[in-house]
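Hi,

Here is the structure I promised to send over. Have a look at it first, and then read on for what I found in it.

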Amino acid sequence: MEIPFTVKPRPDTGLYNGKLGIWLFLASEVMLFGALFSSYVLLRVGAADGTWSMGLMDVVVGAGNTMVLIASSMFVVLAWAELKQGNLAGYKKWKWATVACAVLFLMVKWAYEWPSKFVHYDVWFKNSAVLHQKVEEGYLYDGKKLETELLEEEDDAKLSLARLYLEKEIYVERFFKTFSKEDGGSRKAFNQAWDTGSLALSGHINGYDEAQINVEISGWKSDSGVLEANADKVLLKLGVSGDQGVTKKLRNQGGILKEMVGYDEAKRAEYELTKAGFSVNLSVAGYESVKAHPWFWRTGRINEDIGGKPRVKSILFALDESHNEENGDHKEISINTDDVKRLNSYEPKHSTFFGIYYTITGLHAAHVFGGIIVMLYNLLPIGLKTWHRDREQYANRIECFGLFWHFVDLVWIFLFPVLYIL
Amino acid sequence: MSDSHDSPNFIQYLIKLFYLVGGVLVAGTLITVIIDVAFKMSLAVSAIVGLSIALVKASFVVAIFMHYKWDKKLIMITWTMILTFIFFAGMMGLIMWAEGDIPRWGREEVPVVWPVLASLLGLILPASFAALTIKILSQSAAVAKEAAPKTKAKRVTRKKKKD
């Protein structure tokens with residue numbers, strides 16, 4: 001069957017069918033993205049001071065990615081122009097360049113921009129005194145280095161250098177973008193947060209002390225509905241070695257089943273044993289230092305109560321915008337989890353901004369991904385069959401794809417200032 | 001692209017234009033970043049500046065890359081775009097409306113002009129959709145009548161070829 005009007009324009013619309021189709025599709029896409037943009041506007045206007053964009057968006061990376069997408073948009077239209085001149089080799093060259101740009105764009109998103117927010121943490125303290133002490137510990141070196149610069153405009157010499165540094169380098173411009181009519185609105189907001197201790201320190205968790213847990217059986221309920229033999233089987237499955245006497249002793253008198261095991265193993269044992277009618281006590285026997293960058297941690301993870309002690313005793317926190325005396329790395333401070341009121345990474349659950357950020361950029365990235373698949377199809381022999389059959393039809397198909405691709409570029413042109421600048 | 005613009009010279013002219021537009025887009029991005037880094041602006045000002053530059057960039061993409069400059073006499077595309085734009089403006093208007101919050105009409109923070117503008121947009125949206133749809137329907141019917149004999153003739157010739 002021949003599809004009508006793939007090359008010649010349809011008389012009543014004045015367009016070939018594909019082009020009208022893609023324009024109508026783009027119109028529906030504008031409505032889709034328009035709904036998300038208007039949601040963004042509503043959320044942005046309603047956002048409290050210091051809760052938007054969190055100073056975590058890297059404008060330079062964003063601008064670089066914008067240019068990659070602009071280049072791909074230009075390449076795709078150049079590819080079409082080559083096709084119109086009947087130059088298939090030139091077309092392929094530009095089209096592969098477009099694919100490369102699109103892949104680079106997605107890689108920057110996938111491997112750098114998105115995941116970096118999940119290993120980035122904010123810590124709030126229960127007590128403002130602890131906050132002040134940690135700021136002194138973390139930022140004093142940087143404050144001393146910039147002493148003259150920091151004190152130039154400062155009237156109040158009582159303020160500590162570390163606090164001035166924190167205020168100038170991190171908070172007042174990045175978080176407290178208050179532009180009230182009165183002077184120094186941002187400064188006021190900062191001062192209030194400082195005094196009440198409701199100021200977060202942000203950075204990466206470089207390491208932590210995690211609990212080593214003893215699993216102790218304190219008894220077994222014979223009326224629990226579990227047969228003795230089955231309860232013994234559970235014990236054997238959990239690594240009790242030896243004859244029946246050992247399991248029987250554990251059932252009757254209790255005793256320590258596992259010593260110094262990790263959280264996951266202890267919890268699994270607790271679950272299995274409770275199901276088999278045992279009463280189980282978990283207790284923390286000690287803490288082990290772990291060097292790792294955890295993902296998706298929340299307050300509940302660090303202060304989970306295990307026999308009266310927290311699951312994580314302390315975290316090694318590398319502070320943002322601070323520098324180590326020796327090697328210039330971020331200054332690491334140790335934070336006891338007892339002092340922590342709240343800890344969170346920048347997952348959507350904890351931040352309205354990142355909620356709408358991942359929604360819009362995710363949908364946009366899905367469009368880029370779909371575009372890559374269509375481009376590859378058009379470049380492979382199966383797609384090129386159309387070119388060998390009817391050159392005009394193939395050129396029109398590429399033009400339609402180009403229209404879609406420009407639209408994807410268009411969305412990003414608006415997303416860039418909206419997400420990175422506002 | 002309409003058929004009259006398929007000559008090789010025109011394509012060469014277009015290619016030059018594409019490079020030029022690419023340069024404009026890169027320059028626009030750079031200007032946005034430089035303004036953001038160099039000046040401290042309030043949210044309203046940075047929104048106006050950032051979105052104006054984005055709007056200029058977007059117009060270049062639509063006009064040149066998407067060939068709208070040469071396609072605008074094709075009435076269907078123009079209507080599609082106008083309808084979409086009205087939808088978009090209406091949506092933003094409704095958002096302003098929500099922000100203006102009609103029940104608290106007199107509250108100080110929101111100038112009355114915003115809810116009024118927003119409600120006008122909200123009225124214009126369905127009204128213009130109805131009006132434009134009627135217009136499109138009547139127009140395409142008229143063109144179809146003129147074109148009808150031609151299509152019939154084409155069909156006849158095709159059949160002859162197959163025979």
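How many bridges join strand β7 (residues 312-319) of chain A to β8(A)? There are five, and the two strands run antiparallel. Bear in mind throughout that this is a predicted model.

Staying with that pair for a moment, Ile315(A) stands opposite Ile335(A) in β8(A). Strand β8 of chain A covers residues 332-336 and has two distinct faces. Ile333(A) and Ile335(A) make up the covered face, while Glu332(A), Ser334(A) and Asn336(A) are on the uncovered one. So, if you colour the strand by residue, you can see Ile335(A) on the covered face with Ile315(A) opposite.

Now the domains of chain A. The assignment gives domain 1 as 17-117 + 361-421, domain 2 as 125-203 and domain 3 as 204-349. The C-alpha centres of domains 2 and 3 of chain A are 37 Å apart. Their contact takes 15 residues from domain 2 of chain A and 16 residues from domain 3 of chain A. On the domain 2 side, α4 (128-145), α6 (161-174) and β2 (201-220) of chain A each supply at least two residues. The most comes from α4(A), with seven residues. By class, that side of domain 2 of chain A has six nonpolar, four polar and five charged residues.

Next, a pair of helices in chain A: α8 (residues 228-237) and α9 (residues 244-253). Their axes come within 10 Å and cross at roughly 110°, so α8(A) and α9(A) are roughly perpendicular to each other. From α8(A), the residues in the contact are Ala231(A), Asp232(A), Leu235(A) and Leu236(A); they meet Thr247(A), Leu250(A) and Arg251(A) in α9(A). Sorted by class, this contact has four nonpolar, one polar and two charged residues.

One more residue to click on in helix α9 of chain A is Gln253(A). Is Gln253(A) buried or exposed? Gln253(A) is exposed, because just 11 other C-beta atoms lie within 10 Å and the cut-off for exposed is 12 or fewer. Gln253(A) is 91 residues from Asn344(A) in sequence, and the two are 43 Å apart in space, C-alpha to C-alpha.

Finally, the two chains together. In the contact between them, 45 residues of chain B touch 40 residues of chain A. On the chain B side, the elements that give two or more residues are α1 (8-38), α2 (43-65), α4 (75-100) and α5 (113-162) of chain B. The largest share, 13 residues, comes from α4(B). The chain B side has 30 nonpolar, ten polar and five charged residues.

For a closer view across the chains, try helix α2 (residues 59-84) of chain A against α1(B). They pack at an angle of about 175°, with their axes 10 Å apart, and are therefore roughly antiparallel to each other. Among the residues that make the contact are Ile70(A), Met74(A), Val77(A) and Leu78(A) of α2(A), and Leu14(B), Ile15(B), Phe18(B) and Leu25(B) of α1(B). Lys84(A) and Asp36(B) take part as well. By class, the contact of α2(A) with α1(B) has 15 nonpolar, three polar and two charged residues.

Cheers

Technical notes. Residues numbered from 1 in each chain as written. Chains lettered and ligands numbered in written order. Predicted model: local features only at pLDDT ≥ 70, side-chain atom pairs only at ≥ 80, totals over all residues. Axes fitted to C-alpha atoms, helices over the stretch in contact; angles between N-to-C directions. Helix = DSSP H or I, 4+ residues; strand = E, 2+ residues; numbered from the N terminus. Parallel < 35°, antiparallel > 145°, perpendicular 65-115°, else oblique. Contact = placed C-beta atoms within 7 Å. Nonpolar A, V, L, I, M, F, W, Y, C, P; charged D, E, K, R; others polar. Buried ≥ 20, exposed ≤ 12 C-beta atoms within 10 Å, placed from the backbone. Pairing = 2+ DSSP bridges. Domains from an automatic or database assignment.
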